[in-house]
Amino acid sequence: MVLTGRLSVRTHPWLADHDVLGTVLLPGTGYVELAIRAGEEVGCEVVEELTIEALMPLPPHGGLAIQVVVDAPDAGGRCSLAVYSRPDDARSDAPWSKHASGVLAPGTAQAPPAGTLTLDPADWPPTGATEVDISGVYDYLTGQGYGYGPMFRGLRGIWSRGKETFAEVSLPEDSLDVGKEFRLHPSILDAALSATDFMDGRRPQDVGGTQLPFAWSGVTLHAAGSSRLRVRITAVESHRSQGSDAVRLELTDPSGTPVATIDSLVVRPVTAAKVNAAAAAGGGEREAVFQLVTQQLPLGGAVAASTDRWAVIGVDTDLATGTLYPDLTALGAALSGGAPAPGIVVLPVPSGLPGGSSGDHEDIPAAVRSVTGYVLDTVQSWLADERYAQSRLIVVTRNALPVKESDAAPVDLVQAPVWGLLRSAQEEYPGRFVLVDSDGSATARESLPAVAASGEPEAILRGAEVRVPRLARVAAAAPTMPLPWDADGTVLITGGTSGLGAVVARHLVEQHGVRHLLLAGRRGEDAPGATELRDALHGLGAHVTLAACDTADRAAVDDLLTGIPAAHPLTAVVHAAAVMDNALLAGLTLAQVDAVMRPKVDAAWNLHEATRGLDLKAFILFSSCAGLVVGVGQGNYAAANRFLDALSAHRRAAGLPSTSLAFGLWETKTGLGGGVTHADLRRMRTMGMPALPTAEGLALLDEALELDQPVLVPIRVQRDQHTTAEPPHLLKDVLGAPERPTVRKEVRAPAVTTVSAAATQLTLEQRLSGMKAAERKRTVLDVVREEVAGVSHSGPATIDVSKGFTELGLDSLAAIDLRNRLQKATGLRLPATLMFDYPSPMVLADFLLDELPPGIEENTPETAPEPASARNATGAAGDRDDASIRQALTTIPVDALRDSGLLDELLKLADHPAAPAVASGTRALQGEAGQAGEAIRTMDVDDLVRAALAAADPTRNPSEG
């Protein structure tokens with residue numbers, strides 16, 4: 001039996017009230033209603049099992065066709081059930097997406113036997129139950145991503161008694177009659193489910209995150225049409241013993257009439273990535289074609305970062321959330337004059353064009369270089385100044401990202417490349433950069449402190465709305481269009497004489513019947529293999545012209561297009577030309593930026609302007625995922641590719657065809673400086689993004705060109721035993737956390753009589769605290785060995801710790817990966833040059849051992865020192881043992897104290913006017929300037945901190961903590 005129907009927010013407006021993480025979803029309780037209704041048709045009135053396999057997002061326009069398919073009964077009378085949907089305007093041969101499956105069983109809908117239910121209408125609220133405060137619960141849920149409207153805010157009261165939870169729920173007063181149209185209205189049942197967050201004395205805050213129904217068992221409806229319910233909820237102990245928080249629900253109306261029983265319900269967390277993917281896919285996904293989407297950032301009750309120690313660089317008063325400085329030099333001068341180092345520095349990015357314009361008739365490539373160069377110079381100066389070592393830099397662009405069609409302002413082509421440059425900075429210096437794109441409104445500015453406190457590395461501010469970018473798979477059933485190739489038209493391929501351009505040229509001739517190709521490259525016929533390619537394509541029936549053309553020269557582009565015969569006009573452009581000149585951000589030069597941008601930015605802009613008046617079927621830009629997810633050592637290349645993505649959006653907004661394809665790494669040689677190395681292939685594989693075989697890359701090219709999207713990301717995403725690196729932030733929801741090996745196979749626990757559960761989760765610092773010197777050194781060396789093995793893709797036992805890192809096969813990109821791994825493993829902030837400063841595992845281990853606090857044999861896991869991150873919090877220094885602080889100070893090299901600026905301040909303490917006042921009431925300083933060392937040695941922690949602050953700021957009140 002097949003039951004059909006249609007769902008939309010127009011025909012069922014109450015569904016619009018079920019907004020989860022920015023997407024309207026059919027609630028999980030909606031599947032229960034569908035299953036009950038189907039069961040009635042086949043005489044199976046018990047929903048024995050029902051599992052929700054995929055979310056069902058409802059489109060803002062149009063609707064979904066629904067099918068509930070019930071199979072023939074088995075020998076026991078049970079029937080399998082499945083729920084499907086597809087767009088209601090889909091072609092007749094379009095695929096259906098499966099959302100839920102289950103089993104319907106024969107049973108009775110009559111009331112259960114007397115005494116089975118324990119809700120007494122005369123005893124309400126139940127005797128001995130304590131009322132629970134639910135005020136503000138929906139405000140909190142809104143912050144967690146549940147954008148519930150009135151129909152899904154039906155919780156009226158909750159009471160708790162031991163392991164029982166009771167609730168009263170109802171539909172809104174003006175919608176009570178709606179409940180009569182349903183067997184069990186999904187919104188009132190959903191309200192009953194929300195009471196499960198209060199079980200065992202919990203609050204929704206204790207549950208956290210966003211959770212949706214997943215699996216139902218034993219659902220029986222006893223009476224239909226209820227609009228007010230009383231609910232009893234208990235834990236299903238058999239499930240709880242298996243680690244699952246299943247609950248049982250009993251529902252009656254206010255008169256005590258049984259309405260429904262649910263033997264078991266299990267919920268599961270849902271991520272925004274899943275919601276976004278479902279919204280894009282309609283339930284299905286394309287395996288290797290992604291798109292950049294945005295999702296609402298559920299800030300909830302997050303406390304905004306204090307702006308007391310914020311500095312803003314530039315004259316952008318729209319971002320005046322802190323002290324304004326005209327440039328970084330001015331801020332540095334203020335620090336030299338005694339101002340405290342800012343916790344956060346905000347860098348608004350200038351437009352680079354008169355009046356902030358980003359139109360078609362400006363010198364866009366020159367403006368791109370100017371703005372990118374300014375940001376690069378500022379970032380390099382900021383990184384080089386140790387006074388900002390504990391600061392974060394928030395780089396704010398304006399309208400650099402296309403978010404949605406309703407955005408009033410066009411994409412700023414000049415600022416967009418900054419996102420590529422800073423993505424590299426984020427990879428190379430984890431935790432030190434935040435990227436924000438704003439619309440410049442006052443409400444957007446007010447959200448900046450909350451974004452700073454959220455932990456998100458990237459955010460998009462549009463008015464009061466805060467969104468974050470993610471990569472999500474494109475819908476399997478997404479609308480498609482014919483491929484753009486025309487046998488009679490000419491296809492121009494830049495970079496077409498070698499690398500990917502040559503691969504694509506052959507593909508178009510062999511697979512798509514293209515017969516007229518114009519292959520442009522800087523060397524034309526002189527490029528290696530160019531004439532052989534032409535001859536091979538001639539043999540396949542194609543007419544191929546090889547042209548020596550620098551497409552970064554506008555006049556050369558005009559001459560190139562003029563030579564195309566009128567009989568075979570230009571119908572498609574494939575811009576595949578590129579050059580790479582890699583360098584880590586700290587050493588990246590403007591010359592390297594220019595070298596990479598010429599064939600990408602200048603050429604693309606020239607092609608855009610030169611073809612605007614032509615009737616093109618396709619304008620295809622070969623971009624790179626380096627601008628999105630893997631930009632280490634490629635800041636210039638990442639920036640250039642983000643320009644291509646922005647240009648594609650810019651053309652689409654102008655009604656012109658365009659598709660930018662941010663490909664992942666190909667296994668084929670690309671001509672970008674020697675081809676792909678084995679180290680490149682290994683590195684991408686450890687990140688969960690293995691390289692594309694040529695055949696797969698070409699298949700993804702065809703698949704992507706069928707989709708009507710301005711920017712697509714064709715990449716393989718695969719987590720397997722080789723995936724050990726931390727996944728790129730934009731792919732974390734897709735890839736999940738890597739399986740990291742334990743640091744040591746045999747960990748000797750500190751000598752204690754009883755080891756608490758927390759002992760198995762000790763930080764490295766805590767583990768070391770109870771070890772003797774030899775064991776500490778061995779442990780740290782093992783940590784280094786493990787992380788080097790992870791970077792070099794070798795077994796830890798094969799790592800010769802006395803060999804140099806270069807001998808072990810580690811390059812500059814591996815150095816960044818190693819630094820990031822060790823930073824996470826040790827809790828220390830480490831320089832990007834770590835591998836070069838300490839050139840072997842053994843030397844590096846000695847350095848780390850010196851940086852970590854010395855051990856204190858007596859500490860147990862329960863009394864171990866706090867990790868470095870906790871000690872950095874305000875006031876934490878006073879919690880450390882005085883002796884351990886003094887001992888730690890003796891291990892810090894004098895050069896490190898001098899470089900940090902602390903040495904001079906410590907030496908000033910003895911003769912500083914504030915010193916006696918600081919010590920007053922605690923411990924007097926013993927001596928004058930010549931006795932500075934003794935004075936410092938005898939000070940306790942509180943005195944030392946106060947004295948250092950006073951020395952740095954003579955105006956400070958010494959009595960302040």
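# Exercises on a predicted model

P125 lies in the loop between β7 (97-105) and β8 (130-132). The model that holds this loop residue is predicted.

**Exercise 1. A peptide bond**

Task: State whether the peptide bond from W124 to P125 is cis or trans.

Solution. Begin with the general rule: most peptide bonds are trans. Next, read the torsion: omega from W124 to P125 is near -5°. The bond is cis.

**Exercise 2. A phi angle**

Task: Find the sign of phi at N399 and decide whether N399 is buried or exposed.

Solution. First, place the residue: N399 sits in the loop between β20 (392-398) and α9 (416-428). Second, recall that most residues other than glycine have a negative phi. Third, take the angle: N399 is not a glycine, yet its phi is positive, at about 55°. Last, check the accessibility. The cut-off for buried is under 20% relative accessible area. N399 has 12%, so it is buried.

**Exercise 3. The chain as a whole**

Task: Report how many helices and strands the protein chain has, and what percentage of its residues count as buried.

Solution. The chain has 30 helices and 30 strands. It has 961 residues, of which 53% count as buried. A further step concerns contacts between residues at least 6 apart in sequence: 72% of these join residues at least 24 apart.

**Exercise 4. Two residues in strands**

Task: For H18 and T659, name the strand, judge whether each residue is buried or exposed, and list the contacts beyond the neighbours within four places in sequence.

Solution, H18. The strand is β2 (residues 18-20). Relative accessibility is 2%, so H18 counts as buried. With the neighbours set aside, its contacts are T23, V24, L25, L26, P27, Y148, F152 and D190.

Solution, T659. The strand is β29 (residues 659-663). Relative accessibility is 7%, so T659 counts as buried. With the neighbours set aside, T659 touches F619, I620, L621, S648, R652, L705, Q709 and P710.

**Exercise 5. A loop proline**

Task: Decide whether P60 is buried or exposed, and give its distance to T23 in sequence and in space.

Solution. P60 belongs to the loop between β4 (46-52) and β5 (64-70). The cut-off for exposed is over 50%. At a relative accessible area of 68%, P60 is therefore exposed. P60 is 37 residues from T23 in sequence, while their C-alpha atoms are 9.2 Å apart. T23 is also one of the contacts of H18.

**Exercise 6. The faces of a helix**

Task: Show which residues of helix α7 are buried, which exposed residues lie on the opposite face, and what the buried ones pack against.

Solution. α7 covers residues 328-336, and its buried residues are L328, L331, G332 and L335. Viewed down the axis, these fall within an arc of 100°, so they line one face of α7. On the face turned away from that side are the exposed residues T329, A333 and S336. The buried residues pack against β17 (310-313), β18 (323-325), β19 (344-348) and α8 (364-384).

**Exercise 7. Packed helices**

Task: Describe how α1 packs with α3, α8 with α14, and α9 with α15.

Solution. Two packed helices are described by the angle between their axes and the distance between the axes. Each pair is taken in turn.

Step 1. Helix α1 (residues 28-42) meets helix α3 (residues 186-194) at about 130°, with the axes 8 Å apart. This makes α1 oblique to α3. The crossing is right-handed. T29, G30, V32 and E33 of α1 touch P186, L189, D190 and L193 of α3. By class, four of these residues are nonpolar, two polar and two charged. D190 also appears among the contacts of H18.

Step 2. The axes of α8 and helix α14 (residues 590-611) cross at roughly 150° and come within 10 Å. The two helices are therefore roughly antiparallel. α8 passes α14 in a right-handed crossing. On α8 the contact uses I364, P365, V368, R369, T372, G373 and L376, and on α14 it uses L590, V593, D594, M597, R598, V601, D602 and W605. Nine of the residues are nonpolar, two polar and four charged.

Step 3. α9 and helix α15 (residues 635-653) pack at about 145°, with axes 7 Å apart. Their crossing is right-handed. From α9 come A416, P417, W419, G420, L421, R423 and S424, and from α15 come G635, A638, A639, R642, F643 and A646. The classes are eight nonpolar, three polar and two charged.

Conventions. Residues are numbered from 1 along each chain as its sequence is written. This is a predicted model: local features need pLDDT of at least 70, side-chain atom pairs count only at pLDDT 80 or more; totals for chains, interfaces and linings use all residues. Side-chain values use heavy atoms; hydrogens and water are left out. Buried means under 20% relative accessible area, exposed over 50%, partly exposed in between (1.4 Å probe, protein chains only). Contact means heavy atoms within 4.5 Å. Axes are lines fitted to C-alpha atoms, for helices over the stretch in contact, and angles run from 0 to 180 degrees between N-to-C directions. Angles under 35 degrees count as roughly parallel, over 145 as roughly antiparallel, 65 to 115 as roughly perpendicular and the rest as oblique. A crossing is left-handed if the near helix is turned anticlockwise from the far one by less than a right angle, and right-handed if clockwise. Ala, Val, Leu, Ile, Met, Phe, Trp, Tyr, Cys and Pro count as nonpolar, Asp, Glu, Lys and Arg as charged, and the others, Gly among them, as polar. The arc is that of the directions from the helix axis to the C-beta atoms.
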